[in-house]
Amino acid sequence: MSQSTTVNPRRMEVLEGLALQGCGGFIQEQKSGKPDCPLISENGNIFNLMGIAARTLRKCGRQEQAEEMWERIMGGECHDYYAALYVIGEYVNITEKPEQDIEMEGGMTLE
């Protein structure tokens, strides 16, 4: 018995975009002036990710973009997690935390 797996096209678009950013596409994105934002390895709750991205934008003096991003996500443009993540990626470069900031199991930190 074989089962067909249906992939949400929107999810694939977001994942492809994130893969592009992580595999060379980030060079193109950095030229656009988006700030790096360490979301990978963070708690994946969308409100947490939105807060981190908004804080990053504000630190870079982009208060208006932080508010616009928040309004786009919360205002009804995004109907699922992946759509919201895609919008976040339009404003910031989604990156990993620097290695020294990644906490290991048991509370140990890489130095």
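Two residues are taken to be in contact when heavy atoms lie within 4.5 Å. On this basis, among contacts in the protein chain between residues at least 6 apart in sequence, 54% join residues at least 24 apart. The structure is a predicted model. Its protein chain holds 4 helices and 2 strands, arranged from the N terminus in the order α-β-α-α-α-β. Of the 111 residues of the chain, 28% count as buried.

Helix 2 comprises residues 46–59. At 1.5 Å a residue, its 14 residues should span 20 Å, and the C-alpha atoms at its ends are 20 Å apart, so the expected and computed lengths agree. The N-terminal end of helix 2 is capped by Asn-45, a side-chain oxygen of which lies 2.8 Å from the backbone nitrogen of Phe-47. After helix 2 comes Gly-61, which has a positive phi, near 75 degrees. The buried residues in helix 2 include Ile-46, Leu-49, Met-50, Gly-51 and Ile-52, and Ala-53, Ala-54, Thr-56 and Leu-57 are buried as well. The cover over these buried residues includes strand 1 (36–40), helix 3 (63–77) and helix 4 (81–91). An α-helix has 3.6 residues a turn, so residues three or four places apart point the same way.

The packing of helix 2 against helix 3 is described by an angle of about 160 degrees and an axis separation of 7 Å. The angle is over 145 degrees, and helix 2 is therefore roughly antiparallel to helix 3. Helix 2 and helix 3 cross in a right-handed sense. On the helix 2 side, the contact is made by Phe-47, Met-50, Gly-51, Ala-53, Ala-54, Leu-57 and Arg-58. Helix 3 contributes Gln-63, Gln-65, Ala-66, Met-69, Trp-70, Ile-73 and Met-74. Among the helix 2 residues in this contact, Met-50, Gly-51, Ala-53, Ala-54 and Leu-57 are buried.

The loop between helix 2 and helix 3 contains Arg-62. With a relative accessible area of 26%, Arg-62 lies between the cut-offs of 20% and 50% and is therefore classed as partly exposed. Apart from neighbours within four places in sequence, the residues in contact with Arg-62 are Gly-33, Lys-34, Pro-35 and Leu-57. A polar atom of the Arg-62 side chain lies 2.5 Å from the backbone oxygen of Gly-33. Tyr-91 is 29 residues from Arg-62 in sequence, and the C-alpha atoms of the two are 9.8 Å apart.

Helix 3 also packs against helix 4, at an angle of about 165 degrees and with the axes 10 Å apart. This angle too is over 145 degrees, so helix 3 is roughly antiparallel to helix 4. The crossing of helix 3 and helix 4 is right-handed. The helix 3 residues that meet helix 4 are Gln-65, Glu-68, Met-69, Arg-72, Ile-73 and Glu-77; their counterparts in helix 4 are Ala-84, Val-87, Ile-88, Glu-90 and Tyr-91. Gln-65, Met-69 and Ile-73 of helix 3 also take part in the contact with helix 2.

At the start of helix 4, the backbone nitrogen of Tyr-82 has a side-chain oxygen of Asp-80 within 3.2 Å. The buried residues of helix 4 are Ala-83, Ala-84, Leu-85, Val-87, Ile-88, Gly-89 and Tyr-91. Leu-85 has a relative accessibility of 11%, under the 20% cut-off, and therefore counts as buried. Between Leu-85 and Met-50, which are 35 residues apart along the chain, the C-alpha separation is 8.4 Å.

Helix 2 and helix 4 pack at an angle of about 10 degrees, and their axes are 11 Å apart. Because the angle is under 35 degrees, helix 2 counts as roughly parallel to helix 4. Ile-46, Leu-49, Met-50, Ala-53 and Leu-57 form the helix 2 side of this contact, and Tyr-81, Ala-84, Leu-85, Ile-88 and Tyr-91 form the helix 4 side.

Strand 2 covers residues 93–96 and includes Asn-93. The relative accessible area of Asn-93 is 4%, which is under 20%, so Asn-93 is buried. Its side chain makes a polar contact of 3.2 Å with the side chain of Asp-36.

Note on methods. Residues are numbered from 1 along each chain as its sequence is written. This is a predicted model: local features need pLDDT of at least 70, side-chain atom pairs count only at pLDDT 80 or more; totals for chains, interfaces and linings use all residues. Side-chain values use heavy atoms; hydrogens and water are left out. The expected span of a helix is 1.5 Å times one less than its number of residues. Buried means under 20% relative accessible area, exposed over 50%, partly exposed in between (1.4 Å probe, protein chains only). A polar contact is a pair of N or O atoms within 3.5 Å; within protein, one must be able to donate a hydrogen and the other to accept it, and residues adjacent in sequence count only if both atoms are side-chain atoms. Axes are lines fitted to C-alpha atoms, for helices over the stretch in contact, and angles run from 0 to 180 degrees between N-to-C directions. Angles under 35 degrees count as roughly parallel, over 145 as roughly antiparallel, 65 to 115 as roughly perpendicular and the rest as oblique. A crossing is left-handed if the near helix is turned anticlockwise from the far one by less than a right angle, and right-handed if clockwise.
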